[in-house]
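Trainee: I'm new to this one and would like a close look at a single part. Could you walk me through how the helices near the start of the first chain sit together, and what lies around them?

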Amino acid sequence: MGALSWLRPELLWGLLAASLPVIIHLIGKRKRRTIKFATLRFLERAKARSSTRYNLRQLLLLLARIMAIILLVSLFAGPGMESEGGAGSRRLALVVDTSMSMQLANGISGGLTMAKEELSHLVRKGSAADRYAVVVTGMGDGKPERMVDPAVALERIRGLAAGDGDTGIVRALEKAAALLTAEGGGEIIVTTDMQRHGWREVESLQKMTVSVQLVDVGVAGMSNLWVESVGPDAGGGVSVEVSIGSSGPAPKERTVRLRLSDGRELNAFVEGDVARFEPGPAPGGGVGVLQASVEPGGVLAWDDRLSFVSSQTGPVEVLLVNGDPRGFIIMDELLFIERALSSGPKLQDKFKVRSIRQSELNGTVIEKADLIWLANPATITANVAELLLQRVSEGAGVVVSAGEGWSEERQGDALELVSASPLRDRMLLRAGDPSRPPFELLDLDTLTGPLKGLADQSVDIGRVKVRGYWLADVGVNDSKVWARLANQAPLVVERRHGKGRLLLLATTVDRDWSDLCLSPAFLPFLERLLIHGAGRSMAEIEDYIDAGKVVVSPFTETVELSMPSGRRFKWEVLAKAVLEGAGVYLVKGSAGPVGGFVVRHDREESDLTRIGVGEVERIAEKSGLTLERDLPRSVTAREDMSAYFAALLLLMLVAEALLSARWLRKGPPMLFDDEEIGGTLR
Amino acid sequence: MLDRADLYDPELVALLSRGTLPGTPSPYPQRGAHISQKRGASLEFSEHTEYTPGDDLKHLDWKVFAKTDRPYVRRYEDERLQRVFILVDSSGSMSYGGADTPAGSKYHLAAKVAVALAATLIRQGESVGLGLTGGEGAVYMPPRPGNSQLEAFMDVLGSTTPAGEALLGGTLGNVAERLGRGTALVIVSDFLDEEDEGLDQIGLLRARGIKPRLVHVLHPDEIELPFDRTVRFVALESPAELMLDPDAVRRAYIEEMREFITGLSNAASTMAVPYALVRDTAEAGRRLISLMRAGNGRAGGGRATSGGAGGGG
């Protein structure tokens, strides 16, 4: 049983008029007149006979008149009966697909616009007692999802925007069903463009007890594209693979056009829904931004004219110089570095490693290297030192890991020039000293610069034991200490030289002086040091980052982001950022542009392929989900009661006329007709 | 006060003059238009009638009694003129219908009926008497012929203001003692006194050989109670009052009135007394003609008129 509702409730003030019959009755009783009558005998008898019946009739007459006024006023107020929802209200969960594809427009209105119109119409048509929950697809837009009154629901619907959520219809359905179940039941209305990706999890849908109406607001004939991959090709350029998605049947001929950074345009070879480009090396090398577009149907604002990074700066050329070659490989100084950097294809793509003996170090190999690691070096010539410093000034880096080869007697020779800091004393901790442990641990609080955050990784760098090290004199030149031992002896020291860096590791990278090479922390330690030393601040960052996600800066130094909007943003080391604007972000480090990445919406969101309602129904049936295709206009929760009220009003008027016997008062009441009077004559 | 113009209704008199004499013409037209209803001892034999208490035993026909074993008396036609006595109720209840004067009241209507009857009968050479019963004291004018009687008649009626109680029973007793047998008595009243309903006195009149006729005067308001809204009713003959909504009691009131009128009519019929209900002058003529015809004629005297009265409605 529903509850009454009114289209014009303000008119219900007219119900006060229902008191008029009572007031008139009371006034009438006060107005009495006196009549001198021949005899009261018959009046008294008549009164005794009929007062009870008359009073009852008068009471009924009064009630009929009051009811007639109430019904008349109610009729003007627009009576209606809520037919669903119990407790006098209807509960609807409005699931709105707010994925980016809902922006698709056919020139008249977009899918989301149509959805908002449909839902607003539905809410306005309902009664004030209805309750709605507006649930957006996917993760939601952060606003609380609860049952609200129509006014709030309308406001909420108005505020919806494409991109608030993703295409996760199923998750939204589950949320909506949970809300309605908690409220005692209701109905779900889904407005979506039927993007296939949105129904990807429909088979896992839990059995639902509420009915679901499906409103397809999709727009057919639209196309867009997204970059599947960008990578180096065999010729040293980039290879670009672009996928094309369409809502509805794909056009027979589609053109994907690639605009290069030098202004040239290339038409892609389209095979199925994929287009590939190999535009060759980017002019000038380094980072380039290309743009692709698709026609016809490419009207989307966000990814049918996609910009993307065309190339990267390539792997870091690492030159490992063995200063203590020992013939027996397991004793080799470079053994652990080589093994670490060859431990996986990812690192192999990142680092291109070459190992030489210190005696082989010359200008040719130095010129090609982005980073030169002098492992336990011995004395070098001034000429070699000059070549190294020259390369460092151009942006390369030199790392010196000092060990036994660096003797105290050879201090002041050319090796000092490439060291980040002069070395003063060699410290070797003995096992026999009962006053102290035979090793030093790292002071994790001192890890800064490229090593910042290393302690947070689960690599147990705090357990690394250093038994021997060189005591660096860091106060001599403008050097920075990135790590210290527990006794505050500098372990990693950096000194800038030109565009490059000179780094000093005050211990060895073999097992002689520390077990760093055996620690799980060795690889991240090494990787950070190499990338930082080579001036490649570009660290572990994806080529594509989903828009809206929180990203921690992977760069080992503060970088400058050039955003798609044109703004520039200083991204501190390990700082968190939410990259919301889709497009290309170019990264500039201290040594210049170091790469870029693309922030984009979920790649699957770009696939506009639609799923048929019938197919959804078939899949959903397995979960007990019943879909109805009717538009919500057919949902009529309010039954117009005007006809019933009018009938009751008519009934009350008839009752009033019968009870008041008004027509009998047109003439004086007749006691006898002539014949009857004649019958009394004698 | 009512003057003669208020009391004398020429149309009503003309109507009665044309219609009140259907009976057997008198063989002595110079002595009156009708054969007297009074039976005499020395005149021509008229008929036998069944004995009723009060009949003179000297007229008992023993031969018929011997033959039929039932007492019959011999009746003789009286060649004297008919005498008519009109008794008008001038009690307070008769004042209803008039504002502050008798004009338009039931008394006015009763007076007009009495004057019209008197004028018609006097014009026909008969003797007419008048009596008033009411609060201002009883009036008795013995039956006499002639226009002077009619003028005196109108003077008395016009100067009387209805008041007090009717006390019809007592008045009828007095009148019965004064009127001789065979006198026609026309009682014009509303009969609203409770003791009037039984008509006991009228039955006694009938036994004394007086032929009563009842003219029941009622105002239409008293029959139909055509009032609305709450009314305080004040009795005209007593200080009683009653507050009620006429709409509430109208139906029951009408039923009460119906029973009252029907009861009175039936009682009159039982006693072979002609009865007529008169509510206004328009219907007065027709009803008075019927009233006066009932019991007239040769075959209409005594109890023999009761059958005729029953069918004369």
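Mentor: Sure, and keep in mind that this is a predicted model. Start with helix α1 of chain A, residues 20-30, and helix α2 of chain A, residues 41-77: they pack at an angle of about 140°, and their axes are 8 Å apart. Angles over 145 degrees would count as roughly antiparallel and those from 65 to 115 as roughly perpendicular, so α1(A) and α2(A) are oblique to each other.

Which residues make that contact? From α1(A) come Leu20(A), Pro21(A), Val22(A) and His25(A), while α2(A) brings in Leu62(A), Arg65(A), Ile66(A) and Ile69(A). Sort the residues of this contact by type and you get six nonpolar, one polar and one charged.

Now look across to chain B. The contact between the chains takes 32 residues from chain A and 49 residues from chain B. On chain A's side, α1, β2 (33-37), α2 and α13 (674-680) each supply at least two residues. The largest share there comes from α2(A), with eleven residues. The side of chain A that touches chain B is made up of 13 nonpolar, eight polar and eleven charged residues.

Strand β2(A) deserves a moment too. Five bridges join β2(A) to strand β9 of chain B, residues 231-235, and the two strands run parallel. To find one of these pairings in the view, pick Ile35(A): its bridge partner in β9(B) is Phe233(B).

While you have chain A on screen, turn to strand β6(A), residues 187-192. Six of its six residues are buried, so β6(A) is largely enclosed by the rest of the structure. Both faces of the strand are covered: one side carries Glu187(A), Ile189(A) and Thr191(A), the other carries Ile188(A), Val190(A) and Thr192(A), and all of these are buried.

What does β6(A) pair with? One partner is strand β4 of chain A, residues 91-96, which pairs with β6(A) in the parallel sense over five bridges. There, Val96(A) stands opposite Thr191(A) of β6(A). Another partner is strand β7 of chain A, residues 211-216, again in the parallel sense, over six bridges. In that pairing, Thr192(A) stands opposite Asp216(A) of β7(A).

Conventions:
Residues numbered from 1 in each chain as written. Chains lettered and ligands numbered in written order. Predicted model: local features only at pLDDT ≥ 70, side-chain atom pairs only at ≥ 80, totals over all residues. Axes fitted to C-alpha atoms, helices over the stretch in contact; angles between N-to-C directions. Helix = DSSP H or I, 4+ residues; strand = E, 2+ residues; numbered from the N terminus. Parallel < 35°, antiparallel > 145°, perpendicular 65-115°, else oblique. Contact = placed C-beta atoms within 7 Å. Nonpolar A, V, L, I, M, F, W, Y, C, P; charged D, E, K, R; others polar. Pairing = 2+ DSSP bridges. Buried ≥ 20, exposed ≤ 12 C-beta atoms within 10 Å, placed from the backbone.
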